[in-house]
Structures are given as structure tokens and as C-alpha cells.
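Here is a short set of exercises to work through with the model open in your viewer. Try each task before reading its solution.

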Amino acid sequence: MDLQLKDKVYIVTGGSKGIGEAISRQIVREGGKLVIATRSKDATEALAKELREAGAQVHTVIGDLQDLAACERVIQETVAEFDQIDGIVNNAGVNDGASLEKGPEAFRASIKLNLFHYFDLVHYALPYLKASKGAIVNVSSKVAMTGQGQTSGYAAAKGAQLALTREWAAALLPDSIRVNAILPAEVMTPLYRKWLDSSFEDPAAKEAEIVANIPLGKRMTTAEEIADMCVFLLSPRSGHTTGQFMIVDGGYVHLDRSLT
Ligand code: NAP
């Protein structure tokens with residue numbers, strides 16, 4: 001299937017590690033021009049170099065997206081470099097364990113870390129997305145639907161991302177901009193590894209327990225499987241899909257418990 005991403009311009013936040021890296025690679029594989037907006041300089045420059053050497057057009061914007069000026073800069077630099085914006089993948093986030101016990105300041109910091117930049121980037125990109133009839137993909141989490149325990153801020157931000165997906169899908173109907181969300185559940189990435197290692201006395205046992213409960217294949221979802229869904233949602237081939245929550249999780253959230 002030709003996804004028709006060739007020479008179109010896509011911004012991926014957190015696009016040099018984990019799920020974001022897989023999405024970046026898949027966009028380039030489909031012929032898209034890529035802007036990686038993230039804060040980890042070394043990983044980003046290394047990935048950009050590799051992709052450019054393979055012929056891709058890649059621009060990087062290094063900065064902390066919690067900073068409003070950084071979000072504005074992402075859009076300015078994208079337009080300066082490539083003249084247009086065809087899609088935004090809001091993906092950067094951190095499950096930071098801001099629990100009820102950790103208090104109001106930690107909660108507020110977690111919302112800032114996980115939510116505001118999803119809005120800010122789309123706000124600044126809006127004129128360009130209107131011009132291209134572009135697409136937005138918000139990477140949320142199954143935590144928005146299931147809870148996790150000990151992570152109020154992240155759960156609230158991930159839930160708000162789903163609400164914004166529906167709100168923007170409605171608001172942007174007249175502009176033919178499609179807006180969808182992906183909800184990963186268990187994908188081994190640097191973030192996931194850190195969560196396992198810092199949250200459990202025996203991370204290997206916990207990992208085995210989680211994997212045993214994933215119905216399809218008793219394995220984690222790969223970052224590439226999330227990326228495949230993402231490029232489809234960016235593509236005109238999903239042209240009548242908007243306001244949807246795609247749960248790419250091997251049946252983890254919804255299938256009958258007796259299957260595990
Ligand atoms: P990851 O491996 O930690 O990658 C996230 C990337 O985003 C990192 O490069 C990180 O930079 C960057 N980032 C985070 N906050 C940023 C900020 N304020 N400004 C700029 N860059 C920032 O995480 P991942 O597991 O791939 O997660 C990606 C998305 O999937 C997140 O939204 C997460 O909530 C969601 N998700 C993941 C899973 C899973 O199983 N992995 C499950 C559900 C949802 P640094 O390296 O500098 O921190």
C-alpha cells in the first residue's frame with residue numbers, strides 16, 4: 001500500500017528514542033521529510049546523521065518542550081526548513097510517578113511535562129495544518145483508560161490527550177484536519193525500562209508477569225507496531241478516520257481475562 005507520505009513534512013516529538021524513534025524511522029522509510037523535536041541532543045544527532053546518510057531529509061530541534069518558546073521554535077524552524085507541515089505526532093512524555101502522596105506541585109509538574117506541549121505545538125502549527133489539510137496523532141496511553149496506581153499526573157495528562165483528540169477532531173472538521181490517538185500499553189523502550197527498574201524489587205519477575213498477561217503472542221508490542229499504526233493515521237489512506245482511539249496492545253486492555 002502506498003501511504004502517500006512522500007515529500008510530506010512530519011514533526012515527531014521525542015522522535016529519537018523508543019516509540020518516537022520507530023515513528024521517525026517509519027516516516028522516513030515512507031519517503032516523508034522529518035523534523036525531530038526533542039531534548040536529548042546526542043541520541044537525536046546520531047539518528048539524524050544515520051537517516052541523512054541514507055538519503056532522508058531530516059531537521060532536528062533540540063529543546064525542552066515544556067518551554068513554550070521551544071514549541072514555537074519547532075514550528076518556525078520546520079517552516080523555514082521545509083515550507084510546510086503535513087502532520088504532527090505528539091509523542092514526548094514521561095511516566096513520572098506523580099502520585100496522590102507526592103502532592104500538588106508534583107501533579108502540576110507532571111501535567112506540564114506530559115500535556116501542555118501537545119496543545120502548544122498544534123496551536124502554533126495550525127495555519128500550516130489548515131493549508132495542508134494535515135493530520136495529528138496524539139500518543140496517549142492505556143493508563144488513561146485503566147489507571148496504573150501512583151501516577152495521577154501522567155494518568156490525568158494521558159486522559160486529557162484523549163479528550164483533546166475528540167475536541168480537535170470536532171473543531172478541525174471544517175479544515176479537513178484529522179486527529180487520532182494511539183494508546184500503547186506495554187512497549188519496551190528506554191522509558192519503560194526505567195519504570196520497571198525503578199519501581200520493582202525484581203524487575204525481571206515483574207516483566208515476566210506482565211508479558212504473561214498479554215493475550216496476543218504473550219509478548220510486548222514492538223515500537224515498530226505502534227509506528228505502523230501511526231504512519232497509517234498520518235496517511236491519506238486513513239482519510240475517513242478521525243477522533244479515534246487506536247489501542248495497539250495485543251488485546252491487553254480489552255480481551256477476556258480468561259484468555260491470559
Ligand atoms: P522514551 O523511550 O522515554 O522516549 C520519549 C522521548 O521523549 C525521549 O527522547 C525524551 O527525551 C523525550 N521527551 C520527553 N519529555 C520531553 C520534553 N519535555 N521535551 C522534549 N523531549 C521530551 O518513551 P517511550 O516509551 O517511547 O514513550 C513515548 C510515548 O509513548 C510517551 O508519550 C508515553 O507516555 C507513551 N507510552 C509508552 C508506553 C510504553 O510501553 N513504552 C506505554 C504507553 C504510552 P529524554 O530522553 O531527554 O527524556
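Helices and strands here are DSSP runs, numbered from the N terminus, with at least four residues for a helix (H or I) and at least two for a strand (E). Please keep in mind that this is a predicted model.

**Exercise 1. Place Ala-185 in the fold, and decide whether Ala-185 is buried or exposed.**

Step 1. Start with the elements on either side: Ala-185 sits in the loop between β6 and α7 (190–199).

Step 2. Turn to accessibility. Buried means under 20% relative accessible area. Ala-185 has a relative accessible area of 14%, so Ala-185 is buried.

Step 3. List the partners, setting aside neighbours within four places in sequence. Ala-185 is in contact with Lys-142, Tyr-192, Val-248, Asp-249 and Tyr-252.

Step 4. Check one distance along the way: Val-143 is 42 residues from Ala-185 along the chain, and their C-alpha atoms are separated by 7.7 Å.

**Exercise 2. Find out which residues have the most contacts inside the largest nonpolar core, and which element gives the most to this core.**

Step 1. Select the core. The largest nonpolar core has 32 residues, and Ile-23, Ile-27, Leu-34 and Leu-234 have the most contacts inside it.

Step 2. Assign the core to elements. Two or more residues come from each of β1 (9–13), α1 (18–29), β2 (33–38), α2 (41–53), β5 (135–139), α9 (223–234) and β7 (245–248). The top contributor is α9, with seven residues.

Step 3. Look for a further core. A second, separate one has 28 residues, including Ile-11, Leu-129, Leu-172 and Val-179.

Step 4. Set this against a general tendency: in soluble globular proteins, nonpolar side chains tend to be buried together.

**Exercise 3. Compare the span of α1 with the expected value, then work out how many of its residues are buried.**

Step 1. Take 1.5 Å a residue for the twelve residues of α1, which should then span 16 Å. The end C-alpha atoms of α1 are 17 Å apart, which agrees.

Step 2. Count the covered positions: nine of the twelve residues of α1 are buried, and this helix is mostly covered. They are Gly-18, Ile-19, Gly-20, Ala-22, Ile-23, Ser-24, Gln-26, Ile-27 and Val-28.

Step 3. Zoom in on one of them. Apart from neighbours within four places in sequence, Ile-23 is in contact with Val-12, Val-89, Val-139, Ala-227 and Cys-230.

Step 4. Move past the end of the helix: just after α1, Gly-31 has a positive phi of about 90°.

**Exercise 4. Describe how the protein surrounds the ligand, and identify polar atoms that face each other.**

Step 1. Collect the surroundings. The ligand is surrounded by 29 residues, of which the closest are Lys-17, Asn-91, Tyr-154, Val-187 and Thr-189.

Step 2. Examine the side chain of Tyr-154: one of its N or O atoms is 2.5 Å from an oxygen atom of the ligand.

Step 3. Now look at backbone N or O atoms. One from Val-187 lies 2.8 Å from a ligand oxygen atom, and one from Leu-65 lies 2.9 Å from a ligand nitrogen atom.

Step 4. Finish with the area. On its own the ligand has 890 Å² of accessible area, and the protein covers 93% of this.

**Exercise 5. Determine where Asp-83 and Ser-176 lie, and how accessible each one is.**

Step 1. Recall the background: most residues other than glycine have a negative phi. Asp-83, not a glycine, has a positive phi of about 75°. Ser-176, also not a glycine, has a positive phi of about 55°.

Step 2. Locate Asp-83: this residue lies in the loop between α3 (68–82) and β4 (87–90). Its relative accessibility is 65%, so Asp-83 counts as exposed.

Step 3. Do likewise for Ser-176, found in the loop between α6 (152–171) and β6 (178–184). At 40% relative accessibility, Ser-176 counts as partly exposed.

**Exercise 6. Is His-117 buried or exposed, and which residues does it touch?**

Step 1. His-117 belongs to helix α4 (residues 104–132).

Step 2. The relative accessible area of His-117 is 3%, so this residue is buried.

Step 3. Not counting residues up to four places away in sequence, His-117 touches Leu-65, Cys-71, Asn-90, Ala-92 and Lys-112.

How values were computed. Residues numbered from 1 in each chain as written. Predicted model: local features only at pLDDT ≥ 70, side-chain atom pairs only at ≥ 80, totals over all residues. Heavy atoms only, no water. Core = buried A, V, L, I, M, F, W, Y, C linked by side-chain atoms within 4.5 Å. Buried < 20%, exposed > 50% of the residue type's maximum accessible area, 1.4 Å probe, protein only. Contact = heavy atoms within 4.5 Å. Near = heavy atom within 4 Å. Polar contact = N/O pair within 3.5 Å; in protein donor to acceptor, adjacent residues only side chain to side chain. Areas by Shrake-Rupley, 256 points an atom, 1.4 Å probe, with all protein chains shown as cover. Expected span 1.5 Å × (residues − 1).
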